[in-house]
Amino acid sequence: YAARIGKEKQVKKHDDICGVCKKTGLLLCCDECPKAFHLHCVGLLSMPDESEKWLCPDCVEEAERVARE
């Protein structure tokens with residue numbers, strides 16, 4: 001999967017399988033890393049608002065770890 005990001009229209013490559021179940025399908029891409037996930041695999045019922053940055057569970061955990069340091 002490729003997602004357009006920023007005004008420069010850079011292309012960011014993402015995984016083409018879910019980071020939890022390792023299956024293909026409609027995936028939500030992390031805005032911080034290349035991982036992608038099915039909504040139900042990360043406990044979501046609908047797509048997050050496109051105007052907000054979405055971080056996968058691993059990136060959220062890393063951000064919290066860094067904030068504690």
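**Notebook: cysteines, core and one loop residue**

I looked up Cys41 to start, and Cys41 is partly exposed, at 22% relative accessible area. My cut-offs: buried is under 20% relative accessible area, exposed is over 50%, and partly exposed lies in between (1.4 Å probe, protein chains only).

A note to self on the source: this is a predicted model, where local features need pLDDT of at least 70 and side-chain atom pairs count only at pLDDT 80 or more, while totals for chains, interfaces and linings use all residues. Residues are numbered from 1 along each chain as its sequence is written, and side-chain values use heavy atoms, with hydrogens and water left out.

**Cysteines.** How many disulfides does the structure hold? I found zero. A disulfide is a covalent bond between the sulfur atoms of two cysteines; here a pair of cysteine sulfur atoms has to be within 2.5 Å to count. Cys33 is in no disulfide, and its nearest cysteine sulfur, in Cys59, is 3.6 Å away. Why is Cys41 not bonded to Cys18? The closest cysteine sulfur to that of Cys41 is the one in Cys18, and 3.7 Å is too far for a bond. Cys33 is buried, with a relative accessible area of 14%.

**Layout.** I then went through the chain from the N terminus and got β-β-β-β-α, that is, four strands and one helix. Both are DSSP runs numbered from the N terminus: helices are H or I with at least four residues, strands are E with at least two. Of the 69 residues, 22% count as buried. The accessible surface is about 5300 Å², and carbon and sulfur atoms hold 53% of that (Shrake-Rupley method, 1.4 Å probe; for residues, only the protein chains shown count as cover).

**Core.** The largest nonpolar core has 12 residues, including Cys18, Cys33, Phe37, Trp54 and Cys59. Such a core is a set of buried Ala, Val, Leu, Ile, Met, Phe, Trp, Tyr and Cys residues joined through side-chain atoms within 4.5 Å. β3 (28–29) and β4 (36–37) each give this core at least two residues. I checked the contacts (heavy atoms within 4.5 Å) of Ala36: leaving out residues up to four places away in sequence, Ala36 touches Asp15, Ile17, Cys18, Gly19, Leu27, Leu28 and Cys29.

**Loop.** Where is Asp49? I found Asp49 in the loop between β4 and α1 (57–68). Asp49 counts as partly exposed, at 46% relative accessibility.
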